[in-house]
Amino acid sequence: MLRQEVSLDGKDVPYLYGVDVTEELVGALADLAATADLVLLVTDREVAVHAEPVARGLAEAVRVALFTVDAAEQRKTLSLVEDIVEFAVGQGASRSTVVVAMGGGMVGNVAGLAAGLLFRGVRLVHLPTTPIAAFDSVLSVKQAVNLSGGKNLCGTYHVPSLIACDLRWLTSVPRGLMLTGLAEMAKNVLAVVPDRRPALERALGRLADEPAAALLELLAIGCDAKAPYLRTDPRERREALVFEYGHTMGHALEFVSQGGIGHGEAIAWGMLVAAEVSHGLGHLGHDDLALHRQVVGRLRLPPAAAGPGGLDRERIRAVLARDNKRGYLPCAPDEVPMVLLESAGRVVTGDRGLPLVPVPVDLAMSALEAVVGAAPGATLVEAGPARERLGAV
Ligand SMILES: NC(=O)c1ccc[n+]([C@@H]2O[C@H](COP(=O)([O-])OP(=O)(O)OC[C@H]3O[C@@H](n4cnc5c(N)ncnc54)[C@H](O)[C@@H]3O)[C@@H](O)[C@H]2O)c1
């Protein structure tokens with residue numbers, strides 16, 4: 001079993017991981033829960049086969065109550081969080097209770113928010129079972145759920161006490177979801193650590209035949225990209241906003257599709273849109289635009305027509321208007337804050353020194369059409385007026 005300390009909101013949080021290490025992880029979890037009256041294991045129905053040995057092992061040391069959720073994006077709501085905390089109290093939870101979130105990013109977010117709210121905060125452990133969760137969402141203290149108006153609009157910050165992952169759990173993730181789930185790693189490579197592109201390529205190449213080695217490599221990319229930012233900007237409100245790359249249009253697509261487009265796939269489309277916007281504004285050159293298509297192309301997304309192409313454009317506009325990065329910097333009602341790149345690994349710095357730029361919604365929508373229109377090589381080139389408006393950026 002390997003161990004890495006991750007700095008989260010000023011605390012060094014152990015991240016224990018390896019392949020076929022469930023027994024050792026359960027031992028570490030039992031040690032942490034030695035002072036707990038109850039472990040509330042919140043898990044995803046799809047990972048029952050992985051959760052069963054965890055629950056059984058833990059039950060030898062501490063009382064365990066199981067709460068199973070259907071991990072659908074539409075269920076990532078306050079009402080599910082309420083169900084979880086009501087269940088916990090019904091089971092006799094106290095301030096010593098440990099909430100264990102075992103599943104993908106959806107379970108991590110609802111259980112993470114429940115842990116942050118129960119008795120104003122009880123201990124939280126993440127046991128991630130998807131690539132997005134293991135390589136990205138657990139490396140964050142943001143815990144949020146969706147409201148009817150948009151994604152991740154309501155939440156808090158809550159630091160886990162432990163993160164533990166048997167990478168074997170990830171091998172049951174369907175291949176399509178696995179590849180698009182790697183979009184967050186593609187994002188890290190494009191936006192933060194372009195020098196890790198060979199490692200990403202290597203990992204993608206090894207995924208089918210040597211999944212364990214590939215997953216260890218991907219975990220390293222996730223940690224290396226995020227660690228320096230989490231130390232200086234743990235709540236992701238300044239320089240770490242770079243990890244929102246691709247998330248403005250991505251969140252809108254994910255939300256409007258009601259989960260039909262998964263988070264990873266949505267972020268992949270969102271990065272292509274951001275690249276088109278940045279190219280149209282004169283920031284991102286042809287080579288980097290081509291690099292986006294190449295890196296995202298490796299994720300083998302479903303055809304655009306089957307994804308973003310079929311979504312209601314007015315709904316997308318409405319969700320963009322409520323993007324959760326609004327308020328970080330002045331933005332007119334017809335603009336939306338986006339992270340843009342001037343080249344791989346270099347963000348466009350906007351107002352207040354933030355890696356955010358107010359982009360006209362019309363321009364973002366045109367970029368979406370350019371991506372969906374999907375003539376290979378099609379790029380968005382006009383947008384002169386918008387460029388002028390961004391002259392100060
Ligand atoms: N900072 C953050 O908090 C942060 C960062 C990134 C993403 N997120 C959130 O994470 C969510 C996306 O994460 P996700 O892709 O893990 O989604 P998810 O949790 O919805 O899981 C995706 C699908 O995989 C299934 N699944 C999970 N583990 C499995 C396994 N081991 N084997 C087979 N199937 C499995 C689930 O049942 C679900 O159908 C979004 O809600 C996103 O907003 C949060």
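**Exercise 1. Determine how many salt bridges the rule gives, and locate the one formed by Lys151.**

*Solution.* In this predicted model, the count comes to 27 salt bridges. The criterion is a side-chain nitrogen of Lys or Arg within 4 Å of a carboxyl oxygen of Asp or Glu.

Step 1. The partner of Lys151 is Glu254, with the closest N and O atoms 3.3 Å apart.

Step 2. Distant parts of the chain are linked by this pair: Lys151 belongs to strand β8 and Glu254 to helix α10 (residues 247–256), 103 residues apart.

Step 3. Buried means under 20% relative accessible area. Lys151, at 5%, therefore counts as buried, and Glu254, at 2%, is buried as well.

**Exercise 2. Describe the salt bridge between Glu217 and Arg206, stating which elements it joins and whether each partner is buried or partly exposed.**

*Solution.* Step 1. The closest N and O atoms of Glu217 and Arg206 are 3.6 Å apart.

Step 2. Glu217 sits in helix α9 (residues 211–232) and Arg206 in helix α8 (residues 197–206), so the bridge ties together parts 11 residues apart in sequence.

Step 3. Glu217 has a relative accessible area of 15% and is buried, whereas Arg206, at 27%, is partly exposed.

**Exercise 3. Analyse the salt bridge between Arg313 and Glu369, then name the residues that shared partners join into one network.**

*Solution.* Step 1. Between Arg313 and Glu369 the closest N and O atoms are 2.5 Å apart.

Step 2. Arg313 lies in helix α13 (residues 313–320) and Glu369 in helix α14 (residues 361–373); the pair therefore ties together parts 56 residues apart in sequence.

Step 3. With 36% relative accessibility, Glu369 counts as partly exposed.

Step 4. Through salt bridges that share partners, Glu73, Lys76, Lys151 and Glu254 are joined into one network.

**Exercise 4. Characterise the surroundings of the ligand: its closest residues, its polar contacts and the composition of its shell.**

*Solution.* Step 1. The ligand is surrounded by 27 residues, of which the closest are Asp44, Glu73, Thr130, Lys151 and Ser172.

Step 2. Two side chains place polar atoms by oxygen atoms of the ligand: that of Asp44 at 2.6 Å and that of Asn109 at 3.1 Å. Lys142 contributes a backbone N or O atom, 3.1 Å from a ligand oxygen.

Step 3. The ligand taken alone exposes 870 Å², and the protein buries 88% of that area.

Step 4. By residue class, the shell contains 7 nonpolar, 11 polar and 9 charged residues. Helices α4 (105–117) and α5 (131–137) and strand β8 (150–157) each supply at least two of the shell residues.

**Exercise 5. Trace the contacts of Asn146 and Asn152, and state where each residue lies.**

*Solution.* Step 1. Asn146 is part of strand β7 (residues 142–147), while Asn152 is part of strand β8.

Step 2. The side chain of Asn146 reaches the backbone nitrogen of Asn152 at 2.9 Å.

Step 3. Apart from residues up to four places away in sequence, Asn146 touches Glu73, Lys76, Thr77, Lys151, Asn152 and Phe255. With the residues within four places again left aside, the contacts of Asn152 are Lys76, Asn109, Ala144, Val145, Asn146, His251 and Asn324.

Step 4. The relative accessibility of Asn146 is 7%, so this residue counts as buried. Asn152, at 19%, also counts as buried, because the cut-off is under 20%.

**Exercise 6. Place Val69 in the structure: which strand holds it, and which residues does it touch?**

*Solution.* Step 1. Val69 lies in strand β4 (residues 64–69) and, at 1% relative accessibility, counts as buried.

Step 2. Residues up to four places away in sequence being excluded, Val69 touches Val42, Thr43, Asp44, Arg45, Leu80, Met106 and Val107.

Step 3. Val69 and Gly345 are 276 residues apart in sequence, and their C-alpha atoms are 37 Å apart in space.

**Exercise 7. Give the phi values of Glu236 and Arg300, and decide whether each residue is buried or exposed.**

*Solution.* Step 1. Glu236, a residue other than glycine, has a positive phi near 55 degrees. Arg300 is not a glycine either, and its phi is positive at about 50 degrees.

Step 2. Glu236 is found in the loop between α9 and α10; Arg300 is found in the loop between α12 (286–297) and α13.

Step 3. Glu236 has a relative accessible area of 5% and is buried, whereas Arg300, at 55%, counts as exposed.

Terms used. Residues are numbered from 1 along each chain as its sequence is written. This is a predicted model: local features need pLDDT of at least 70, side-chain atom pairs count only at pLDDT 80 or more; totals for chains, interfaces and linings use all residues. Side-chain values use heavy atoms; hydrogens and water are left out. A residue is near a molecule or strand if one of its heavy atoms lies within 4 Å of it. A polar contact is a pair of N or O atoms within 3.5 Å; within protein, one must be able to donate a hydrogen and the other to accept it, and residues adjacent in sequence count only if both atoms are side-chain atoms. Accessible areas come from the Shrake-Rupley method with a 1.4 Å probe; for residues, only the protein chains shown count as cover. Helices (H or I, at least four residues) and strands (E, at least two) are DSSP runs, numbered from the N terminus. Ala, Val, Leu, Ile, Met, Phe, Trp, Tyr, Cys and Pro count as nonpolar, Asp, Glu, Lys and Arg as charged, and the others, Gly among them, as polar. Buried means under 20% relative accessible area, exposed over 50%, partly exposed in between (1.4 Å probe, protein chains only). Contact means heavy atoms within 4.5 Å.
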